[in-house]
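Student: I have a new structure open and I'm not sure how to read it. Could you walk me through a few features?

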Amino acid sequence: SQIPRTSLACSGDQQAIQEAARLLVGAKTPLLIAGSEIAKRDAMFDVVALADLLGVPVMTEGRNSLSSLNFPHTHPAFRGPFESSSAYVRNADVVLGIGCKMFTQVSYSPEPDLPKRAKIIHFHSDSHELARLYREDVSVLTDAKKGILDLIGALKPLLTTKLKKDIKERINALKIE
């Protein structure tokens, strides 16, 4: 007989998710890092919805990624694999990592992979990955898919008319870059 496949979709702390939403709506130059857990949990369309909702550039986990299905490479927000020297990383005021390892440095760099001034939000299903190498302002132990959906739910009520206008401008800028 065949063993049924099961998965545990663990919900993260709702107060932490609300705090993540507040940080994200207050961000001027946010960045989303899509990790391999997105592909593992079949959450690519969910992370696309999140990126579209926020008008945020997206990089994939890069050197630690186990999958290339974390975010569609043809999407206007896609900015390639994570590279610490990228202007998107260096200028980020809020970095949201979902289902990624943040980061095991594999080569010398005089600068840390993430800017010291940036607020760091990290969603991961493995508690050992949270705040492992970097100070995190918000750490959420959650399944990638469930965490994205909960975050979208927390963001929607916070999107004022002005924020929607600012997000639309970010989306338009991403399309022409």
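Tutor: Let's go through confidence, then the sheet, then the largest pocket.

Student: What pLDDT does the chain average?

Tutor: This is a predicted model, so start with confidence. Where pLDDT is low, the predicted coordinates should not be read in detail. Here the chain averages a pLDDT of 85, and 85% of the residues score at least 70.

Student: Over which residues does pLDDT stay under 50?

Tutor: That's residues 3–7. For this stretch the model has 1 contact beyond four places in sequence.

Student: Now the sheet. In what order do the strands come?

Tutor: Follow the strands from one edge across to the other. The order is S3-S2-S1-S4-S5-S6, an open sheet of 6 strands with parallel pairing.

Student: Which strands stand at the edges?

Tutor: Strand S3 (78–81) and strand S6 (138–141) do. Each has a single partner strand, so one side of each is left without a neighbour in the sheet. As for twist, neighbouring strands of this sheet are turned by 15 degrees against each other on average, direction ignored.

Student: How many bridges join S5 to S6?

Tutor: Strand S5 (residues 119–124) and S6 run parallel and are joined by 4 bridges. To find a spot on your screen, take Ile121, whose bridge partner in S6 is Val138.

Student: And the largest pocket: how much space lies in it, and which residues are closest to its centre?

Tutor: With a pocket, look at its space, then its lining. This one holds about 230 Å³. It is lined by 13 residues, and Thr29, Pro30, Pro57, Tyr88 and Glu177 are the closest to its centre.

Student: Which helices supply at least two residues of the lining?

Tutor: Helix H4 (87–90) and helix H6 (161–176) each do. H6 gives the largest share, 3 residues. By class, the lining has 7 nonpolar, 3 polar and 3 charged residues.

Methods
Residues numbered from 1 in each chain as written. Predicted model: local features only at pLDDT ≥ 70, side-chain atom pairs only at ≥ 80, totals over all residues. Heavy atoms only, no water. pLDDT = per-residue confidence, 0-100. Contact = heavy atoms within 4.5 Å. 1 Å grid on protein atoms, 1.4 Å probe; cavity = no way out; pocket = protein on both sides within 12 Å on 5 of 7 lines; lining within 4 Å. Points joined across faces, edges and corners; volume = space filled by probe spheres on them. Nonpolar A, V, L, I, M, F, W, Y, C, P; charged D, E, K, R; others polar. Pairing = 2+ DSSP bridges. Axes fitted to C-alpha atoms, helices over the stretch in contact; angles between N-to-C directions.
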